[in-house]
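Colleague: Could you take one part of this model and go through it closely with me? I'd like to start with a single helix crossing and then follow the chain of neighbours wherever you think it helps.

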Amino acid sequence: MEQEVKQKSDELAKQLWAIANEFRGNMDASEFKNYILGLIFYRYLSEKTEDYMNELLKDDEITYEEALKSSDYAEIVKGWSMDHLGYIILPEQMWGALIERIKDGAFTVEDLEKAVNALSASTIGHDSEAAFRGLFNDMNLKADHLGREVSERSELISKVMLKINDLSFNAKDTSFDYLGTAYMILIGLFQSGAGKKAGEFFTATCASVLLARLATAGLDEVKNACDPCAGSGSLLLEVKNNLSRHKVGHFYSQELNSTTYNLNRMNMLLHGVPYKQFTAYNDDTLRKDHFYENGMPVPFDIQVSNPPYSATNTAADASFLDDPRYSSAGVLAPKTKADMQFVEHMVFHMAEDGRIAVLLPHGVLFRGAAEGKIRKWLIESQNVLDAVIGLPANLFHGTSIPVAVLVFKKKRNGNSGNILFIDASRDFEKGKDQNVLRDQDIDRIVSAYIAREDIEKYAHVAPMSEIIENDYNLNIPRYVDTSEKEEEIDLEALTEEMAKTDTEIAQVEEQLKQSFEQLGLEFPF
């Protein structure tokens, strides 16, 4: 059944991608994604409202539209919608109603604009406001690149909406997440066509699966999960997928880029995560820690993240040494490389049995100065570093560098005296644009992580004495020798071969000399 879901999701994503390419014209892929993803999302919310209301009202033999016109039903129905869905879409602004207006030639882009604005306005003052606030801000329906005149913009948006309307979303069947999965694939396709900056909103699927499996190994469900650099939320959703009961009590996330922050919230809702079960912030994680409740830091069971590699450290000034996330290490990461400061943030928020799986550039393993001190603090003082796993190069759009997974655990379960090193850099499938970790590659990494045994040229359990001997340098080749032994040279056989070659050369020279003499020429050698 899983394969069937994947196939249908792939097909839906390809159809949506074809629509995007057909209508975006000269518009950049990263710009047009805001429109097609926004329209898909609005259709989903509209049909979700319709399905929910039809189910609630079926015994009353009354439609949603009739209920809203009834003094007996109107306020009750609105209350149901706000409590369960978190928003209200009026019947005349439902997706189906807008499509009918298009077919009747009565639609303008302003109708859609009013509809999405009304949806957002319905959440103001309610618990769902934070989940929906500004969700459609990036779908600027007045933008000139859609057309300078209202009629031009209306024509383009109408064509896209009709194409999207022709597709089957299977929104009712929550057991088979066709639309949510297709949405993720579509985000990835936009990423691949949007240049280097696109990596801000999507982590390669294979890397997401690996991190989720490492972080959730042996777990059935978790109280909460967090990604402090969440992008579109793909890592958090993979955490849920890889828990045996697929249950996460609450999702937390923070994302600096506002467009990506919107994608994150859309993605959560599209994957059936109720607005009450996720909390997302749009801010700089290094400078502002939003993960507090009742004045206390929130402890997270699971944290997964793919922070921007070697980004500028926006919290590098001395005042941040008083920040409780960084004060224990006594030093801040360099101004030009924030990697280790993201790690400090995550370690600060680990629950008593918390786990972290984070993707980082290899430099964090061996760079000295402040990063070396933080590395020593993590290992010696906190003793939370559980494993270091080297991955292949060119796994991500926008960068070809190889990266490493660092796994941290609060409770080391008998492994507090060692760190596991895995060199998985040679196991991958070469792709046209980027390399891919295959299922068997991910299985091998996870199996080696769970088994925690030495495997020749692949894995090594390094005792702390070995780590100290290497002065806390975690460069993987220091612990896993993947070099191939050079083949021994048989000098006697080589001498015989050389002598044989010399004889053959002499014979050829003699034949050439005779040929030159027959031609009356002087032999030049």
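**A helix crossing, and on to the sheet**

Modeller: Helix 5 and helix 8 cross in a left-handed way. Bear in mind that this is a predicted model. The two helices span residues 95-103 and 150-165, and their axes come within 10 Å and cross at roughly 125°. Roughly perpendicular stops at 115 degrees and roughly antiparallel needs over 145, so helix 5 and helix 8 count as oblique to each other. Who does the touching? On the helix 5 side it's W95, L98, I99, I102 and K103, and on the helix 8 side S158, M161, L162, I164 and N165. Sort that contact between helix 5 and helix 8 by class and you get seven nonpolar, two polar and one charged residues.

There's another helix pair worth setting beside it. Helix 10 (residues 205-216) and helix 11 (residues 234-242) have their axes 8 Å apart and pack at an angle of about 50°. Helix 10 and helix 11 are therefore oblique to each other, and their crossing is right-handed. Helix 10 brings S208, V209, L211, A212, R213 and T216 to the contact, while helix 11 brings S234, L235, E238, V239 and N242. For helix 10 with helix 11, the residues in contact divide into five nonpolar, four polar and two charged.

Before the sheet, a quick stop at a loop. T123 sits in the loop between helix 6 (109-122) and helix 7 (129-132). Is T123 buried or exposed? Its relative accessible area is 1%, and buried means under 20%, so T123 is buried. Skip its neighbours within four places in sequence, and T123 is in contact with M82, G86, Y87, S128, E129 and F132. F32 is a different story: the C-alpha atoms of T123 and F32 are separated by 26 Å, with their positions 91 residues apart along the chain.

Now the sheet, which is an open one of nine strands with mixed pairing, in the order 3-2-1-6-7-9-8-10-11. Strand 3 (278-281) and strand 11 are at the edges, each with a single partner strand, so each has one side left without a neighbour in the sheet. Going from one strand to the next, the twist averages 15°.

Let's walk along part of that order. Strand 8 (residues 385-390) pairs with strand 9 (residues 403-409) in the antiparallel sense, over five bridges. I389 has V405 as its bridge partner in strand 9. Two helices pack on the sheet here. Helix 13 (residues 339-348) touches strand 6 (300-305), strand 7 (350-361) and strand 9, and its direction makes about 165° with that of strand 7. Helix 15 (residues 439-451) touches strand 8, strand 9 and strand 10, at about 160° to the direction of strand 10.

Strand 10 deserves a closer look. Strand 8 runs parallel to strand 10, and four bridges join them; I389 turns up again here, with I422 as its bridge partner in strand 10. Strand 10 also pairs with strand 11 (residues 459-463), this time in the antiparallel sense over five bridges. L420 has V461 as its bridge partner in strand 11. Six of the six residues of strand 10 (residues 418-423) are buried, so the strand is largely enclosed by the rest of the structure. Both faces are covered: N418, L420 and I422 are buried on one side, and I419, F421 and D423 on the other.

D423, then, is a residue of strand 10. D423 has 9% relative accessibility and so counts as buried. Leave out residues up to four places away in sequence, and D423 touches G390, Y458, I476, V480 and T482. V480 is 57 residues from D423 along the chain, yet their C-alpha atoms are separated by 6.7 Å.

Last, two backbone oddities in loops. Most residues other than glycine have a negative phi. N383, in the loop between helix 14 (369-382) and strand 8, has a positive phi near 50° without being a glycine. R452 isn't a glycine either, and its phi is also positive, at about 55°. R452 lies in the loop between helix 15 and strand 11, and its relative accessible area of 12% makes it buried.

Technical notes
Residues are numbered from 1 along each chain as its sequence is written. This is a predicted model: local features need pLDDT of at least 70, side-chain atom pairs count only at pLDDT 80 or more; totals for chains, interfaces and linings use all residues. Side-chain values use heavy atoms; hydrogens and water are left out. Axes are lines fitted to C-alpha atoms, for helices over the stretch in contact, and angles run from 0 to 180 degrees between N-to-C directions. Angles under 35 degrees count as roughly parallel, over 145 as roughly antiparallel, 65 to 115 as roughly perpendicular and the rest as oblique. A crossing is left-handed if the near helix is turned anticlockwise from the far one by less than a right angle, and right-handed if clockwise. Contact means heavy atoms within 4.5 Å. Ala, Val, Leu, Ile, Met, Phe, Trp, Tyr, Cys and Pro count as nonpolar, Asp, Glu, Lys and Arg as charged, and the others, Gly among them, as polar. Buried means under 20% relative accessible area, exposed over 50%, partly exposed in between (1.4 Å probe, protein chains only). Two strands pair if DSSP finds at least two bridges between them.
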